[in-house]
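Me: I would like to go through the labels attached to this structure and ask what each one rests on. Please set the value against the definition each time.

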Amino acid sequence: MSTNVSAGIADALRDVSARIDAAAKDAQRTSTPRLVAVSKTKPAEMVQAAYGAGQRHFGENYVQELVTKASTLPADIRWHFIGALQSNKAKLLLNVPNLYLVESVDREKTASALNKAAGAAENRTEKLRVLVQVNTSGEESKAGCAIGTAAELAEYVAQSCEHLVLAGLMTIGAPDKSYEPAAFASLVREREAVAARLGVEAASLELSMGMSGDFEAAVRMGSDSVRVGSLLFGARQYPA
Ligand SMILES: *Cc1c(COP(=O)(O)O)cnc(C)c1O
């Protein structure tokens, strides 16, 4: 890959990080949200370039693509799985020793398959951290459990999945360009419901929300982790 492409990725990382910091400051937040670089469909060389610029958290949507990339890239990368997960792929996904977080659990069947795979994985000493994905836009095309149902699923993970840790909630949101998008507000409320059901502090559950087009709004509304792809690595071909 050309040095120009590498330099472009490093510049984009700096720019997005500065915008995250500015949005956090604007909202008087004391912690800095994490940036997850979404590298789906992009070559491993681009991931390596971002890694070289200091980036450690990366997100992927397809199990086989993640398995392949993880096998050739540095072991201290923290991989986030953010795509639709078929239960029969859970075992393959757990082959990735440095899988850090599965963000897209939206039904008991997936949680149960991940729990089983995490329990059987010999390369893991820690429990697998997961997020419950909520469909906050109501669009049928979007993944995620329905608003009002995350507490039930979270309780299932917390009580019936001994090899999983419920780390928080994730959403994709809606194409809403307002200063405080309604979808992000509803994820904040969903977290209140989950925290109340589990008897934990809301702040102990992280929120993953915000992508290339809306990460600053998400940060202002309390996102702990933004998932940014095209702004860092360039546009993707449809349908990815
Ligand atoms: C592709 C994807 C992203 C990144 O999207 P961009 O708009 O390219 O930043 C974030 N989250 C999920 C769940 C995705 O599928």
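Reply: Start with the ligand, which is surrounded by Val-38, Lys-40, Asn-61, Ile-82, Met-170, Met-211, Ser-212, Arg-227, Val-228, Gly-229, Ser-230 and Arg-236. A residue is near a molecule if one of its heavy atoms lies within 4 Å of it. This is a predicted model, in which local features need pLDDT of at least 70, side-chain atom pairs count only at pLDDT 80 or more, and totals for chains, interfaces and linings use all residues. Residues are numbered from 1 along each chain as its sequence is written, and side-chain values use heavy atoms, with hydrogens and water left out.

Me: What is the make-up of the shell around the ligand by class?

Reply: The shell has 5 nonpolar, 4 polar and 3 charged residues. Ala, Val, Leu, Ile, Met, Phe, Trp, Tyr, Cys and Pro count as nonpolar, Asp, Glu, Lys and Arg as charged, and the others, Gly among them, as polar.

Me: What makes the pairing of Lys-40 with the ligand a polar contact?

Reply: A polar side-chain atom of Lys-40 lies 2.7 Å from an oxygen atom of the ligand. A polar contact is a pair of N or O atoms within 3.5 Å; within protein, one must be able to donate a hydrogen and the other to accept it, and residues adjacent in sequence count only if both atoms are side-chain atoms. The Lys-40 pair therefore qualifies. For Ser-212 the distance from a polar side-chain atom to a ligand oxygen is 2.6 Å, and for an N or O atom in the side chain of Arg-236 it is 2.8 Å. Taken alone, the ligand exposes 390 Å², and the protein buries 89% of that. Accessible areas come from the Shrake-Rupley method with a 1.4 Å probe; for residues, only the protein chains shown count as cover.

Me: Why is Asn-61, one of the residues around the ligand, called buried?

Reply: Its relative accessible area is 15%. Buried means under 20%, exposed over 50%, and partly exposed in between (1.4 Å probe, protein chains only), so Asn-61 is buried. Asn-61 is found in the loop between strand 2 and helix 3 (63-72); helices (H or I, at least four residues) and strands (E, at least two) are DSSP runs, numbered from the N terminus. Asn-61 touches Val-38, Lys-40, Phe-81, Ile-82, Gly-83 and Ala-84, not counting residues up to four places away in sequence, where contact means heavy atoms within 4.5 Å.

Me: Why do Cys-145 and Cys-161 not form a disulfide?

Reply: The sulfur of Cys-145 is 14 Å from the closest cysteine sulfur, in Cys-161, which is too far for a bond. A disulfide is a pair of cysteine sulfur atoms within 2.5 Å. A search of the whole structure finds 0 disulfides. Cys-145 counts as buried at 7% relative accessibility, and Cys-161 does at 2%.

Me: How do you know whether Gln-28 and Thr-41 are buried or exposed?

Reply: Gln-28 has a relative accessible area of 72%, so Gln-28 is exposed. Thr-41, at 38%, is therefore partly exposed. Gln-28 has a positive phi of about 55 degrees although it is not a glycine, and Thr-41 has one of about 70 degrees, again without being a glycine. Gln-28 sits in the loop between helix 1 and strand 1 (34-38), Thr-41 in the loop between strand 1 and helix 2.

Me: What makes Asp-224 partly exposed?

Reply: Asp-224 has 26% relative accessibility, so it counts as partly exposed. Asp-224 lies in the loop between helix 8 (215-220) and strand 9 (225-228).
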